[in-house]
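Student: I have a structure open and would like to go through the reasoning behind some of its labels. Could you take me through it?

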Amino acid sequence: MDEMVRDMRNRFLVAAVLSIGVTLWSPMGRDMFGFDVPAPVGLRDDVFALLLSLPVIFYSAWIFFDGAFRALRARTLDMMVLVAIGVGSGWLYSLYVTLTGGGEVFYEAATVLASFVLLGHWLEMRARGGASEAIRTLLELAPPAAVVIRGTETVEVPTAQVQVGDLLLIRPGAKVPVDGVVEEGQSEIDESMVTGESLPVSKSVGSEVIGASINTTGTVRVRATKVGADTALAQIVALVQEAQNSKAPGQRLADRAAFWLVFVALVGGTATFAIWLALGAAVPTALLFAITVVVITCPDALGLATPTAIMVGTGLGAKRGCCSRTPPPWRPPPTSTRW
């Protein structure tokens, strides 16, 4: 995951830095920002912008073209197809204009669009990496070893070897290795890392204890009742992973509608191009409006923002603790005869 995040970051940085140069040496940079520095070695602005855009198209944005190819080979349409069309059509048209003598080009539109979409993918992958780190932190809460009472002796064994029914000795300051029930002793146990409760909870004979909680005061003997994947900590980790791997209703809706969204975008872009040509607009103007329709129709807000929000939310929940125990059923308050 870390390697993938670094790769996406590098792709975004290359696209972002080069798109700044492409924008400055474009008609937008000349007209809006008043940039008047000539292109190096006497090159035309469009030729220099073409050279700057090559790494963006063939390195940074190549994942979009690869994803679009895979989608088309699978006979489906998704958001990668929309992004690839938006970036590729503007760049290919600009390449044609540059190679045929120069004119109005859209290198800045293609590179800036690629930069923004890459930024969204990078942020999403960073959020996923942070949530994965939170899960690893949760798993590390459980102590690596446990003290098991066998007869009159105490034996230290790996926590993974603790079995249901083992009698555990929990000294002050030690972590409870697995879920269990107190059989002897009395103490206060800090369960904040699992339940989020800020104050230690008093435990006596018959009280349930949660694995990974910390014994603060007295020594207790605990009979193991749940080990391995059955412990509360393991269930929390499983719930966090399930939440990460699941899709929100809005994201599922976007996935189901992706095919028709792409179809509508392509039809709308083609119709826009044809209508503007029929109204007498120049080809660059008609192409600009057609690309705008395709890009705006792309549902990246649902495709990127929704999974990012899920990753951040589950990661924060894992870091701050969550209650895994089912609350008691609600009961009405007792009736009173007093007014």
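Student: What does the secondary structure of the protein come to?

Tutor: In this predicted model, the protein has 11 helices and nine strands. Of its 339 residues, 41% count as buried.

Student: What is the average pLDDT of the protein?

Tutor: The average is 81, and 81% of the residues score at least 70. Over residues 322–339, though, the pLDDT is below 50, and this stretch has 12 contacts in the model beyond near neighbours in sequence. Where pLDDT is low, the predicted coordinates should not be read in detail.

Student: Let's turn to the helices. Why are H3 and H4 called oblique to each other?

Tutor: Happy to show you! Helix H3 covers residues 45–60 and packs against H4 at an angle of about 40°, with the axes 5 Å apart. Angles under 35 degrees count as roughly parallel, and 65 to 115 as roughly perpendicular. The angle of about 40° falls in neither range, so H3 and H4 are oblique to each other.

Student: Which residues meet in that pair?

Tutor: From H3 come Ile57, Phe58, Tyr59 and Ser60, and they meet Trp62, Ile63 and Phe65 in H4. By class, this contact has six nonpolar residues, one polar and no charged.

Student: And what makes H4 and H5 oblique?

Tutor: Helix H4 (residues 62–73) and helix H5 (residues 79–99) pack at about 130°, their axes 8 Å apart. Roughly perpendicular ends at 115 degrees, and roughly antiparallel needs over 145. About 130° fits neither of these, and H4 and H5 are therefore oblique. The crossing of H4 past H5 is left-handed.

Student: Which residues of H4 and H5 meet?

Tutor: On the H4 side they are Ile63, Phe64, Phe65, Gly67, Ala68, Ala71 and Leu72; on the H5 side, Met80, Val81, Val83, Ala84, Val87 and Gly88. They divide into 11 nonpolar, two polar and no charged residues. Gly counts as polar, and Gly67 in H4 and Gly88 in H5 are among the residues that meet.

Student: One last residue: how do you know whether Thr231 is buried or exposed?

Tutor: Good one to finish on. Thr231 sits in the loop between strand S9 (220–226) and helix H8 (232–245). Its relative accessibility is 8%, and buried means under 20%, so Thr231 counts as buried.

Student: What is Thr231 in contact with, leaving aside neighbours within four places in sequence?

Tutor: Thr231 then has contacts with Val178, Asp179 and Lys226.

How values were computed
Residues numbered from 1 in each chain as written. Predicted model: local features only at pLDDT ≥ 70, side-chain atom pairs only at ≥ 80, totals over all residues. Heavy atoms only, no water. Axes fitted to C-alpha atoms, helices over the stretch in contact; angles between N-to-C directions. Helix = DSSP H or I, 4+ residues; strand = E, 2+ residues; numbered from the N terminus. Left-handed = near helix turned anticlockwise from the far one by under 90°. Contact = heavy atoms within 4.5 Å. pLDDT = per-residue confidence, 0-100. Buried < 20%, exposed > 50% of the residue type's maximum accessible area, 1.4 Å probe, protein only.
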